[in-house]
Amino acid sequence: MCSSFLFIGILVCVFSISQTLNTCDLPARGSPYFPKNFSFGVATSAYQVEGGWNSDGKGPSIWDDFTHNYPHMIKNGATGDVSADSYHRFDMDLAALKELNVSHYRFSISWPRIFPNGDISSRNQMGIDYYNDVIDKLLANGIEPMVTMFHYDLPSEIQKIGGFANPLLIPKFVMYATELFEDFGDRVKIWMTFNEPLVFCKASYAEARYPPLVDVPGVADYLCVDHTIKAHAAAYKVYKSRFYEKQRGKIGMALDSYFFLPKLNETEASHRALQFNIGFLAHPIFHGGYPEIMVKDIETNSLNEGRIASRLPRLEGYWKEIVKGSADFFALNHYTSRLIKRSVDPTFMNPSFERDTDVDETVDPTWLNGGAPWLYCVPEGLEGMLKFIREEYNNIEVIITENGWGDSGELEDDNRIQYLKSYLQAVLNAIHDGSHITGYTYWSLVDNFEWANGYTARFGLYAVDMNSPKRERTPKKSAGYYNQVIKSNKIVNEVDMYRLMKNQFVTKR
Ligand code: BGC
């Protein structure tokens with residue numbers, strides 16, 4: 001709509017942009033500039049972008065099995081078999097990363113490419129070579145690799161023995177992590193063990209939405225979180241004792257949470273929801289043990305249900321000790337917010353995480369909604385989350401490892417620009433208030449497989465032609481916007497946005 005530069009066209013664009021700006025704007029505080037050395041980046045994950053699902057010795061993952069065997073559970077029966085085909089076309093991603101001028105690239109390693117059956121005995125050199133190539137090319141272009149070890153694509157063989165419900169997951173993961181430190185740790189200095197444990201534990205073990213489609217809420221999801229946090233801490237311990245002295249990297253775990261804005265001044269409900277969500281994993285890591293409110297209330301609920309012990313496993317002794325302090329920075333994935341009040345008449349399934357949390361979530365009808373139904377633009381929520389982390393976790397260093405906007409794939413993506421601008425403003429405001437934030441990562445570099453939504457919700461700064469065998473990438477208007485932010489190290493205003501419309505940046509590949 002805004003491609004014409006005729007006088008009338010400009011008027012239309014000015015009007016439509018100012019309309020959009022009103023819906024999710026955030027007032028600025030302090031300097032418009034980001035700190036010197038602030039790192040801007042973009043993120044992807046292996047199953048979502050790589051394709052090459054059975055190439056070069058890769059074993060199957062639970063997402064390969066799920067998409068192949070349960071197509072009706074994914075929009076349009078989509079799979080990640082090819083997706084953006086980054087496994088064969090990383091050079092196109094690299095060109096986009098260079099064009100954006102990012103300082104870092106967050107990607108994940110596919111466990112079944114390294115160990116096709118999940119076990120050390122199946123080590124696959126071709127998979128290792130692929131990631132060596134990616135890492136070397138990034139570094140040769142001055143882009144820092146930030147690596148996630150696990151982003152949902154568990155090797156199928158590990159699922160056959162129970163996956164995250166089996167404590168054997170812990171040594172399996174430690175062996176995998178050790179292999180990664182050995183192969184890549186000389187060049188990778190920022191690691192994340194797991195991506196969003198609460199999301200995959202709930203979707204996979206409580207809601208039967210993600211593989212392995214387990215539906216044991218309030219029990220199996222807690223067990224999954226417990227094994228995940230222990231696997232994380234055990235891998236952290238191995239790194240510190242065997243690799244740190246030489247490699248000098250840092251390790252975190254990517255934790256995701258909505259922010260919970262108090263409705264009708266219900267700050268206690270907001271705090272409670274934060275402890276149950278972000279606090280579930282962050283409290284054990286930064287303070288030791290699950291949040292007291294969770295331990296107490298889940299035990300009470302469990303006993304009232306006639307059980308002999310709490311549904312929440314105990315995190316005590318050795319495990320409590322090694323989990324405490326097992327992150328060098330806070331890797332935050334944050335997208336959106338909800339309004340919260342204490343629930344008076346819970347109709348949630350009993351038992352369940354929602355029933356234990358016992359709060360009532362709503363949205364403000366004025367919030368701008370994205371192509372993904374859960375996603376509203378609420379930049380004050382990011383500010384609130386950063387304040388919570390600052391106060392609750394002793395102002396630890398934060399790297400925002402995911403934040404992004406989904407839509408149906410338009411190239412003139414003004415809403416994404418507006419979201420990006422407002423959320424970056426939230427970051428700047430938090431820095432102004434004293435938060436120690438060193439990086440921001442937009443999700444995602446390219447359009448990709450959005451889990452159960454298939455290809456219907458698109459988060460990329462670059463569109464990917466999913467119908468073309470060459471999977472051409474085309475920069476959206478937001479790619480140009482982000483590039484301007486990175487180049488100027490500040491939030492870019494509307495005047496600069498008009499410059500973008502002159503297509504200074506956009507080049508069709
Ligand atoms: C996940 C991504 C996902 C994104 C958008 C994040 O929580 O880590 O895998 O694509 O949300 O839904």
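## Sheets, ligand and backbone

Visitor: What is the strand order in the open sheet of three strands, and what kind of pairing does it have?

Guide: The order of this open sheet is β6-β8-β9, and its pairing is mixed. The edge strands are β6 (259-262) and β9 (359-362), since each of them pairs on one side only. On average, neighbouring strands of the sheet are turned by 45° against each other, direction ignored; the axes are lines fitted to C-alpha atoms, for helices over the stretch in contact, with angles from 0 to 180 degrees between N-to-C directions. This is a predicted model, in which local features need pLDDT of at least 70 and side-chain atom pairs count only at pLDDT 80 or more, while totals for chains, interfaces and linings use all residues. Residues are numbered from 1 along each chain as its sequence is written, and side-chain values use heavy atoms, with hydrogens and water left out.

Visitor: How do you know that β6 and β8 pair?

Guide: Pairing requires that DSSP find at least two bridges between two strands. β6 and β8 (residues 337-342) have four bridges, in the parallel sense, so they meet the criterion. One of the bridge partners is Leu 339 in β8, which faces Leu 261. The strands themselves are DSSP runs of E with at least two residues, and helices are runs of H or I with at least four, both numbered from the N terminus.

Visitor: What makes the pairing of the sheet mixed?

Guide: β6 and β8 pair in the parallel sense, whereas β8 and β9 run antiparallel, joined by four bridges. Lys 341 stands opposite Asp 360 in β9.

Visitor: Which strands close into a barrel, and in what order?

Guide: Eight strands close into it, in the order β1-β2-β3-β4-β5-β7-β12-β13, with parallel pairing. Their neighbours are turned by 25° against each other on average, direction ignored. Within the barrel, β7 (residues 330-333) and β12 (residues 398-402) are joined in the parallel sense by four bridges, and Leu 332 has Ile 400 of β12 as its bridge partner.

Visitor: Why are the approaches of Glu 402, Glu 450 and Trp 451 to the ligand called polar contacts?

Guide: A polar contact is a pair of N or O atoms within 3.5 Å; within protein, one must be able to donate a hydrogen and the other to accept it, and residues adjacent in sequence count only if both atoms are side-chain atoms. The side chain of Glu 402 places an N or O atom 2.9 Å from a ligand oxygen, that of Glu 450 does this at 2.4 Å, and a polar side-chain atom of Trp 451 lies 2.9 Å from a ligand oxygen. Each distance therefore falls within the 3.5 Å limit. The protein covers 93% of the 310 Å² of accessible area that the ligand has on its own, by the Shrake-Rupley method with a 1.4 Å probe.

Visitor: Which residues surround the ligand?

Guide: Among them are Gln 48, His 151, Asn 195, Tyr 335, Trp 374 and Phe 459; each has a heavy atom within 4 Å of the ligand.

Visitor: What is known of the peptide bond from Trp 443 to Ser 444?

Guide: This bond is cis, with omega near 20°. Ser 444 belongs to the loop between β13 (437-443) and β14 (462-464). Another cis bond joins Pro 211 and Pro 212, with omega about 15°.
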